[in-house]
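Q: I'm new to looking at protein structures and would love some help. Please pick one small part of this one, look at it closely, and show me how it sits in the whole thing.

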Amino acid sequence: MQKKKGLNSSFPYHTFRNDPFKTRFYTLDNGLSIVLAQKKGTQKTKCIVAVGAGSQEDPKSFLGAAHMLEHHLFKGNKFFGTENWEKEKEILIELKKEFSYYKLETSEEIRRKIWKKISKLSNQASSYCIGNEYDRILSHLGAKDSNAHTWLVETVYESTIPTTELHRFLQVESARFSHFVPRMFQAELQVVQEEFGMVQDTDDFILNEAIMKALFPLNKGLQHDTIGTFSHLESPDIQALENYFSTYYVAKNMRLILVGDFNFDSTFHHIKDLFSHIKRGKKNEKTPLNVTTLKKTIKKSVKSKSSPYLCLNWRLPNKNDSFIYLVKILQKMLENHAGCGILQENLIKKSSLNDAIVNFQLQPEFILFQIFSVPKENQPLQEIEKLLLIEIKKLVIDSDFKCLFIAATNQVEFLRIKALESKNGIAGGLLDDFYGIQSWDNVISNESIQSQISYEVFQEFVTQYFIDNKPVIVYKEQAEPTHIKEFSQLKNKNPEINFNGFSSFGKEILGKIGKDYEVNKTTWFDNVKVSRYKDLEIQLFPRSSDLFTEMILCWKRGKLHPLTRHWPLLTQYISGLGSINYPDNLLQKELFNRGIQVDFYLKDQFLECKILSSTSEYDNNFTFILSEYSQLTPNPAWWKTCISNFIEDRKYDKNDPYEQLQHLTKFAMWNHDDLKSTYLTTNFIKKLDHKLILSEFISFFLQPNHIAYFSNTLNSKDCQVFTQKSFAGTVKFTEEKVQLSYQKNKKLIYHLNQKYAQTEFRFITELPKISSKDWHLLLLFNEYFGSGPNALVFQELREKRSLAYHAYCHINIPQNNDIQSNMVFHISTSKRNISISYIEIVKLITDFSQDEEQFESSKKALIRDLSLRNLKGLGAYRQYQLYHCWNLKTNPEIQIIEDIKNVNLEQLTSWYHSLHVLSHTNCCILGSLSKNAEEIIGNIFAIEKTKLKDIFFI
């Protein structure tokens with residue numbers, strides 16, 4: 001594609017011919033990069049501010065500075081977040097001095113004295129702070145998904161904002177990035193320490209350090225985790241943050257990206273007025289990395305509590321867009337969606353190993369290509385290492401893979417187009433362009449690259465970079481963690497912070513906001529077209545892209561149904577079967593060649609099969625999959641492999657903290673006898689007859705309860721014609737409704753004692769059946785009390801008390817009106833904070849804090865979010881099915897908005913207390929408890945010790 005300069009514009013820009021998003025690239029006089037991309041039909045704009053520096057630029061005195069600085073950009077500066085900047089500034093200068101003394105001091109006794117002085121000064125400075133003002137301003141503006149992340153070479157701040165509030169939002173961002181203040185540094189340091197505690201014993205943290213040290217022994221900036229090191233978080237350096245901001249948060253090193261449906265010219269000139277004052281600075285010019293090939297294999301061993309596995313790592317140069325294209329093709333050939341990748345076919349399906357996952361990580365100067373492989377029980381990791389390397393070599397010597405290469409090429413193109421269907425995908429491509437990872441012209445078109453790459457070029461690429469270039473091999477062994485560290489600082493008492501009101505800047509911004517959005521009587525719901533064929537309901541949902549069409553077959557049987565507990569195993573079995581016309585693995589290869597994707601989803605109440613195809617071939621492809629899946633043939637050998645892999649996966653789950661928490665939560669929530677009836681035990685699996693359950697699947701595959709189509713090209717008549725042709729013999733297929741019963745015993749804590757750095761704490765509350773007429777109260781409760789950075793739970797537990805990195809509370813809307821709702825309150829915190837965290841949670845649940853300003857902000861944010869909701873694709877489908885199952889024939893959101901407008905805090909509080917939350921609660925704890933914590937918790941809850949064999953029903 002070719003660049004071209006903008007015409008009829010008072011400020012020059014460049015764009016690309018045939019760019020579907022009409023993207024404009026501007027550069028202000030101070031060097032700031034501005035990118036505006038068009039996404040028609042949306043009332044919200046994706047906003048990103050990207051900084052061209054990350055943890056790789058961390059100073060030696062403070063590894064973790066980039067990440068810590070990212071946290072502080074949410075705290076405001078001299079413009080907002082403070083009631084009296086001049087007085088606060090004087091104390092912050094003193095605090096900076098004390099932290100510098102604290103960092104250099106070696107005597108623990110003197111350090112404790114300095115820390116007490118730091119705490120006293122921090123409390124004095126906090127008295128001038130306006131807590132959480134940035135998030136509260138954005139809540140008033142109707143922003144959603146405001147967050148940030150730091151990685152090796154990038155720091156990215158993002159939000160989704162109502163387009164009508166875009167100009168005011170940009171005023172906030174202009175002020176935000178023009179000045180840095182280490183506000184509430186002590187409190188935020190303890191939040192980051194909690195975050196460090198969450199990750200320090202995870203596989204990603206442990207593995208990444210070993211890999212990067214082996215791959216880049218001369219580059220210290222790549223060898224530490226983004227969050228930093230224990231020693232530097234124990235003794236931080238404020239001056240390092242200030243230096244980092246002044247060096248890298250400069251115009252020539254930043255890009256502002258907006259993706260939405262707005263006027264380019266007026267928006268750009270507004271940006272120009274607001275951001276031209278930012279210091280010009282210098283672009284971050286990195287020292288080139290040594291990304292030459294490794295001549296000798298490097299082997300490392302690491303240990304963590306999870307099950308053992310192997311990780312192969314290749315260091316590749318990021319040479320150009322064509323090179324990235326080859327990397328993506330290789331990934332799809334080794335492991336693809338259709339299940340016919342080389343590793344699946346040659347190793348997993350032949351029981352040579354349990355599982356394999358192929359990933360790659362793109363960076364401006366290098367690419368990290370990884371294969372994670374899970375062994376069979378008692379299989380040596382060295383054995384699967386040899387098996388994987390043999391499969392890599394086959395790519396060079398075996399010409400039979402050419403067909404797979406062509407299919408993988410098509411799959412890469414499909415994924416590129418699919419990513420660009422969303423604002424997030426477009427923004428992600430523009431980020432890659434800014435960081436030099438992948439050029440924008442390649443993001444929007446692979447045409448020129450495809451024409452250059454043959455299978456012979458691909459084989460040369462594999463030879464040079466995966467055979468001649470040796471990997472770093474990491475053996476991940478299982479062992480109890482011995483490296484867990486706890487920070488020494490004593491907890492500061494709660495500082496006095498004002499979480500109400502706004503600074504003069506905040507008042508100025510909010511004073512310009514107009515009236516609330518008027519409710520649009522025509523919503524996304526009205527774009528769903530519904531028709532019938534016999535007893536079959538046909539639903540048509542709009543889709544963003546013309547190029548792809550999806551179909552979902554839905555049956556009313558889900559994972560809560562005892563007769564369907566074998567479906568996770570069955571769908572795994574189906575993924576490797578052939579049919580009468582395409583025996584053995586030929587069916588999966590044909591699906592891959594045709595670009596068909598088939599996914600099964602087992603929900604609480606539904607089983608779904610999603611089929612995706614190019615729109616031009618949807619008729620042939622949908623007909624093909626419906627025909628072949630109705631003629632699947634049994635394969636005893638593959639069934640035996642599925643059984644073996646499934647049982648071994650269960651063993652791996654037992655050692656995974658996420659799976660442990662999920663199972664422990666269910667154990668605390670549902671009746672144990674019910675869980676046993678739905679749980680897929682080893683004995684149950686071994687008794688299954690694969691021919692019988694496959695026959696059952698085939699018998700109802702063409703008898704769904706409803707069909708949903710997703711297309712921007714098809715109309716209702718097209719869907720009607722195809723349905724009639726393909727489902728002519730359909731009869732109504734029903735299943736009895738089944739639900740689990742909640743635990744009878746309340747105020748009981750199920751404690752699974754595991755040695756982790758953090759302790760996971762969940763309250764699970766059974767709630768009475770909630771009428772759809774009360775949905776406005778439920779949604780408002782979530783917005784005001786439990787979800788997001790502006791909610792009271794986050795504000796109280798993280799912002800005020802620094803007790804956790806993650807804290808939330810949420811009440812769900814059940815899938816139908818026969819099911820009771822539940823509330824989950826979750827916090828992840830360090831062992832030293834578990835007692836005070838528990839006390840604060842109980843206080844929050846009991847008192848239900850009264851904050852009128854916060855409540856009004858939450859109301860406004862929720863009304864705007866619902867008013868601007870424009871769901872498409874799978875999101876629209878999920879929401880529509882929820883309303884459908886509640887027998888709602890029109891979009892309830894219109895009435896919900898009106899109800900929210902009329903409710904006050906007293907009414908919400910009364911509704912909440914009517915739920916009697918604490919008396920209907922069980923809890924679960926994953927992690928360690930001190931005797932003191934057990935005594936405090938035991939005053940309200942009884943503690944019952946559990947074991948892995950209990951919660952996994954083994």
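A: Let's start wide: among contacts in the protein chain between residues at least 6 apart in sequence, 83% join residues at least 24 apart. Keep in mind that what you're looking at is a predicted model. The chain is built with 37 helices and 25 strands, and 60% of its 954 residues count as buried. How does the overall spread of the chain fit its length? For 954 residues, a compact globule would have a radius of gyration near 30 Å, and the chain has 29 Å, so the two agree. Along its principal axes, the C-alpha trace spans about 80 × 65 × 60 Å. The accessible surface comes to about 38,300 Å², and 50% of that belongs to carbon and sulfur atoms.

Now for the close look, which is at asparagine 132. You'll find asparagine 132 in the loop between α3 (108-126) and α4 (133-141). Is this loop residue buried or exposed? Asparagine 132 has a relative accessible area of 5%, and the cut-off for buried is under 20%, so asparagine 132 counts as buried. What does asparagine 132 touch, once we leave aside its neighbours within four places in sequence? The answer is Phe499, Pro789, Asn790, Gln795 and Glu799.

There's a backbone quirk here too. Most residues other than glycine have a negative phi. Asparagine 132 isn't a glycine, yet its phi is positive, at about 60°.

A second asparagine makes a handy comparison. Asparagine 378 also has a positive phi, about 65°, although it is not a glycine either. Asparagine 378 sits in a loop as well, the one between β12 (366-374) and α13 (381-397). But its relative accessibility is 74%, and exposed means over 50%, so asparagine 378 counts as exposed. So we have a positive phi at a buried asparagine 132 and at an exposed asparagine 378.

Want another buried polar residue to set beside asparagine 132? Try glutamate 345, which belongs to helix α12 (residues 342-348). Its relative accessible area is 11%, so glutamate 345 is buried. Its side chain makes a polar contact of 2.8 Å with the side chain of asparagine 585. Not counting residues up to four places away in sequence, glutamate 345 touches Gly339, Cys340, Lys350 and Asn585.

Helix α14 gives you a longer piece to look at. Its 18 residues (402-419) should span 26 Å at 1.5 Å a residue, and its end C-alpha atoms are 26 Å apart, so the helix agrees with expectation. Its buried residues include Leu404, Phe405, Phe414 and Ile417, and also Glu413 and Arg416.

Last, the cysteines. A disulfide is a covalent bond between the sulfur atoms of two cysteines. How many does a search of the whole structure find? Zero. Cysteine 554, for instance, is in no disulfide, and the nearest cysteine sulfur, from cysteine 885, is 7.7 Å away. Cysteine 554 is buried at 1% relative accessible area, and cysteine 311 is buried at 0%.

Key:
Residues numbered from 1 in each chain as written. Predicted model: local features only at pLDDT ≥ 70, side-chain atom pairs only at ≥ 80, totals over all residues. Heavy atoms only, no water. Helix = DSSP H or I, 4+ residues; strand = E, 2+ residues; numbered from the N terminus. Expected span 1.5 Å × (residues − 1). Buried < 20%, exposed > 50% of the residue type's maximum accessible area, 1.4 Å probe, protein only. Polar contact = N/O pair within 3.5 Å; in protein donor to acceptor, adjacent residues only side chain to side chain. Contact = heavy atoms within 4.5 Å. Rg over C-alpha atoms; globule rule 2.2 N^0.38 Å. Areas by Shrake-Rupley, 256 points an atom, 1.4 Å probe, with all protein chains shown as cover. Disulfide = S-S within 2.5 Å.
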